[in-house]
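Subject: Structure handover

Hi there,

Here is the structure I promised to pass on. My notes follow below it, and I hope they help you get started.

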Amino acid sequence: MSEKRTILVFTATGKQGSAVIKALDKTKFNTIAATRDASSDAAKALGVELVQGSLDDPDSIFAQAKDKSEGGGIWGVLLVLAEQDPETHKKQGLAIIDAAVRYDVKHVVYSGGDFSGKEVTGIPFFDVKHDIEAHLKQNQSFRSWTILRPVGFMENFYWPLYLDQVTTTWPKAKHSTYKLIAVEDIGKIAAEAFENSDQEKFSKKEINIAGDELTPGEIADIWKRVTGQTLQAKETPVFPPTFAPAFKFFDDNQFEADVEKNRRLFPWISNFESWLKKTPFAQAA
Ligand SMILES: NC(=O)c1ccc[n+]([C@@H]2O[C@H](COP(=O)([O-])OP(=O)(O)OC[C@H]3O[C@@H](n4cnc5c(N)ncnc54)[C@H](OP(=O)(O)O)[C@@H]3O)[C@@H](O)[C@H]2O)c1
């Protein structure tokens, strides 16, 4: 039997899943990545064992992962969901948690979103994450779990519509600052949670995570300093109907994550400027 613990990573080819795989200590963990297409370049690039299947049938994914787990079973699960239909998203989340119970998983790290700590937001995509959290928390079968609630990803700035908000909608928002987290740091925090699953810091904890909090003016100043470019959108961004209510909600409601607390918990966490300096935006300056 392997000495290493096996972690099954859902949504493994995505931003967060791949960041977690990168951050996990390979001497302590075997990682198995779940994907809908094991032949894709993104799946192969992960460099770990792959299992292929639909999130609508998590048992088949768990069964394959158990076969590949070198005899020790599946110790941990990273749960991240990318499905955009809220009801399907919820169904997948609950089914994965139920399957994790059947496969005697010990620790689940669920990365949802900052607002999923609230009972009801009126935004179905946030509220179903709250329901998934509740299902995880009320389950007595796991030794422990960690809920991560990331704020807006710094990587969203690769999306021109998102960037355009900085000089258009954000200065008119009901709160003066925006909170951001680097995806690489979500990966590091989740990896830390797997490694220290029984410790006070992570065991049965809900952590809203953010690495920086800035006004739109401060974001524009950092952008100028690091890239040499002036942020000035030509027009107010119009988001697709599936996303628009969430983006209005972000302008009307401040994220709950406490950046200072995050800096105490994770002293290495990136701020926006240190993240931006590592991106192609900076190299283009
Ligand atoms: N962007 C933000 O600012 C932000 C902030 C907080 C929380 N979140 C949450 O983060 C989650 C998404 O995580 P992420 O950004 O790491 O994911 P992502 O980069 O969008 O990853 C998508 C991956 O998920 C897999 N997948 C499985 N079912 C899918 C489906 N129905 N539709 C699309 N992809 C599917 C795909 O992999 P295969 O093709 O290999 O299966 C794909 O590579 C969402 O729940 C979102 O609410 C986002």
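A word on terms first: helices (H or I, at least four residues) and strands (E, at least two) are DSSP runs, numbered from the N terminus. This is a predicted model, in which local features need pLDDT of at least 70 and side-chain atom pairs count only at pLDDT 80 or more, while totals for chains, interfaces and linings use all residues. Residues are numbered from 1 along each chain as its sequence is written.

The UniProt record (an unreviewed entry) puts the feature "domain: NmrA-like" at residues 4-237. That stretch, residues 4-237, is 36% helix and 20% strand, with its end C-alpha atoms 48 Å apart.

Now for the ligand. Among the 22 residues around it, Gly14, Gln16, Thr35, Arg36 and Ala82 come nearest (near means a C-beta atom, placed from the backbone, within 6 Å). Helix H1 (15-23), helix H2 (41-45) and strand E7 (152-153) are the elements giving two or more residues to this shell, and H1 has the largest share, with 3 residues.

You may also like the helix pair H4 (residues 86-102) and H5 (residues 124-137), which pack at an angle of about 15 degrees with axes 9 Å apart (axes are lines fitted to C-alpha atoms, for helices over the stretch in contact, and angles run from 0 to 180 degrees between N-to-C directions). H4 is therefore roughly parallel to H5, a label for angles under 35 degrees.

Happy exploring!

Note on methods. Angles under 35 degrees count as roughly parallel, over 145 as roughly antiparallel, 65 to 115 as roughly perpendicular and the rest as oblique. UniProt positions are given in the numbering used here, feature names are shortened, and annotations may be inferred rather than shown by experiment.
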